[in-house]
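Biologist: Could you take one part of this model and describe it closely, beginning with the side-chain interactions and then following the elements around them?

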Amino acid sequence: MNAMTQTELHHLSNTHLDALEEETIFILREVAAAFERPTLLFSGGKDSLVMLKCAEKAFGSGRIPYPLLMIDTGHNFKEVTDFRDARAKELGAELIVRSVEESMKKGTVRLAHPSESRNVHQSVTLLEAIEEFRFDALIGGARRDEEKARAKERIFSHRDSFGQWQPKAQRPELWTLFNHKLQPGEHFRVFPISNWTELDVWQYIAREKIALPSIYYTHKREVVDRRGLLVPVTELTPPKDGEEVVLRDVRFRTVGDITCTCPVESTAATPEQIVIETLAADVSERGATRMDDKTSEASMEKRKKDGYF
C-alpha cells in the first residue's frame, strides 16, 4: 500500500490548484470591492493560512485591506495562538482578538458547568464582535467537503440581522455572480476556499511551502481512546476512570478548542507525507477529529443557524 501511494503521489497532478487559487483570489478581491467593513477570520489554522497566502497574492504583502479577526475560546492550543500572533506581525496585518471569556464576564455567555466546551459559545462572541466593529462581511475558511451542513453553504452566505443562516434563503450562484445585497443589520459570511478539498489544501501547502503550527505534523502525545477518537490528555481533558493513557505518534488534521479537537495517529512529518495519508483517508477531517460533531447528525447545521462560523 505504501509503495502504491508513493507512486500515486509521484503522478499526482497539482495543476488544478492554479484554478482554485485564481477563484479564491477573485473572491477575496470581490469582497474588498463590494463591502465597506469586511474582515478575515484568522485562527492560525491551515485553512486560514491558505486563505492568507492567497490574500497576499491578491493584494501584495503587507497590503491586505481588511483586519484579521480571531474568536478565542481561551482553550486553544498555545502552538496555534503563538503562530497566529507571529504570522500577523510578520505580515503587518491588524489582528483583532475577541474572547469567549470576555463574553462570560459580561454575562452573555453562561456555561452549564465549568467543564463545558466553550466552542459552541463562540457564536455569541462572534456576533458581539460583528456588532462592535459593524462588520458586513466575514471571510472564513470553511470547505464543502468538511461536513454535510457546510456542503449546503453558498460562497457568499447571507446572514440575517440575528446572525442566523437560513438554508432556504440562499440565492443560487450562477456564472460567479455573487449576492451582495444586504439590509441594515445583516451581513455575509464568505468562503473563498469552499471548492477546495483537504487534499487540495495540503497540495497547496506543499507547493507554496506554507509554514504551519507544529501540531499539524507528527509528534508524541498522551491520548486516551474514547468513542473511537484519540482524546489528548490535558488539564482540560483529563482521562476518565478506567481509561488507559497511552503515548502515540499523532498529528492534528484540524485545530480548534482543546476540549473538542482530537489528533489522529500519524508519523507524517511533511506536507508531502500528509498528502499520501490524505489520499488513503476514508473519513472527513471533522468526522475523524471533532467531538462536538458527534453529538447528532444535525450538530453543525444547528450551530450555523445560531450564528456559528
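Modeller: A polar contact is a pair of N or O atoms within 3.5 Å; within protein, one must be able to donate a hydrogen and the other to accept it, and residues adjacent in sequence count only if both atoms are side-chain atoms. The model is predicted, so local features need pLDDT of at least 70 and side-chain atom pairs pLDDT 80 or more, while totals for chains, interfaces and linings use all residues. Residues are numbered from 1 along each chain as its sequence is written, and side-chain values use heavy atoms, without hydrogens or water.

I begin with Arg 226, whose side chain makes such a contact with the side chain of Glu 243, at 2.7 Å. Arg 226 belongs to strand S7 (residues 219-226); strands (E, at least two residues) and helices (H or I, at least four) are DSSP runs numbered from the N terminus. With a relative accessible area of 15%, Arg 226 is buried, a term for values under 20% (exposed is over 50%, partly exposed in between; 1.4 Å probe, protein chains only). Apart from neighbours within four places in sequence, Arg 226 is in contact (heavy atoms within 4.5 Å) with Val 231, Pro 238, Pro 239, Lys 240 and Glu 243.

S7 is one of four strands in an open sheet with the order S8-S7-S9-S10 and antiparallel pairing, where pairing requires at least two DSSP bridges. Strands S8 (229-232) and S10 (264-265) form the edges; each has a single partner strand, so one side of each lacks a neighbour in the sheet. Two bridges join strand S9 (residues 246-251) to S10 in the antiparallel sense, and Arg 251 stands opposite Val 264 in S10.

The loop between H8 and S7 contains Tyr 216, while Trp 202 lies in helix H8, so this aromatic pair ties together parts that are 14 residues apart in sequence. Rings of Phe, Tyr and Trp (its six-membered ring) pair with centres within 6.5 Å, and planes under 30 degrees apart are stacked, over 60 edge-to-face, the rest tilted. The ring centres of Trp 202 and Tyr 216 are 6.1 Å apart and their planes stand at 70°, so the pair is edge-to-face. Both residues are buried. The structure holds eleven aromatic pairs; Phe 26, Phe 35, Phe 156, Phe 178 and Phe 188 form one aromatic cluster.

Helix H8 itself spans residues 198-208, and ten of its eleven residues are buried, so the rest of the structure largely encloses it. Besides Trp 202, the buried positions include Leu 199, Val 201, Tyr 204, Ile 205 and Ala 206, together with Glu 198, Asp 200, Gln 203 and Glu 208. Just after H8, Lys 209 adopts a positive phi of about 55°.

Strand S2 (residues 68-72) offers another covered element, with five of its five residues buried. Leu 68, Met 70 and Asp 72 point one way from S2, whereas Leu 69 and Ile 71 point the other way. S2 pairs in the parallel sense with strand S1 (residues 38-41) over two bridges, and Leu 40 stands opposite Leu 68. Five bridges connect S2 to strand S3 (residues 95-99), again running parallel, with Leu 68 opposite Leu 95 in S3.
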